[in-house]
Amino acid sequence: MHRSILPLVTLFVSLTISAFAAEPAKSAKDLHGAQGAKPGSYEDWCSEHGVPESMDTRCDKSLIPVFKATGDWDEKHGLPTSQCKKCNPKLKIVRPPKGGK
């Protein structure tokens, strides 16, 4: 019995590794907004967290007091309430279109 399972497990592991190896790793440049990008623009986007880079408290901790001061802070989840998909499951934060106004 064990001998028949081993080839299947080996095949599964090989296919899994191949699938991940086929996807190129994203660099920090690809994940985070362009430096000096206009806030709210297409270029101002953190792909890692799915929010504008200029409003990303996970990338820039110095933004936290601003959100707390305006009452837009979810203490339980540690991010702005306006960005918390755990508290607001229907929340959709959409990246602006490229070249959009």
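Helices (H or I, at least four residues) and strands (E, at least two) are DSSP runs that are numbered from the N terminus. By that definition, the protein has 3 helices and 0 strands, and its elements run α-α-α from the N terminus on.

This is a predicted model, in which local features need pLDDT of at least 70 and side-chain atom pairs count only at pLDDT 80 or more, while totals for chains, interfaces and linings use all residues. Residues are numbered from 1 along each chain as its sequence is written, and side-chain values use heavy atoms, with hydrogens and water left out.

Of the 101 residues in the protein, 21% are buried, where buried means under 20% relative accessible area, exposed over 50%, and partly exposed in between (1.4 Å probe, protein chains only). The accessible surface of the protein comes to about 7,900 Å², and 62% of this surface belongs to carbon and sulfur atoms; such areas come from the Shrake-Rupley method with a 1.4 Å probe, and for residues only the protein chains shown count as cover. If contact means heavy atoms within 4.5 Å, then among contacts between residues at least 6 apart in sequence, 21% join residues at least 24 apart.

A disulfide is a covalent bond between the sulfur atoms of two cysteines, and here it is taken as a pair of cysteine sulfur atoms within 2.5 Å. The structure holds 0 disulfides, and the table lists two cysteines that are in none.

| Cysteine | Nearest cysteine sulfur | Relative accessible area |
|---|---|---|
| C59 | C46, 3.8 Å | 31%, partly exposed |
| C87 | C84, 3.6 Å | 41%, partly exposed |
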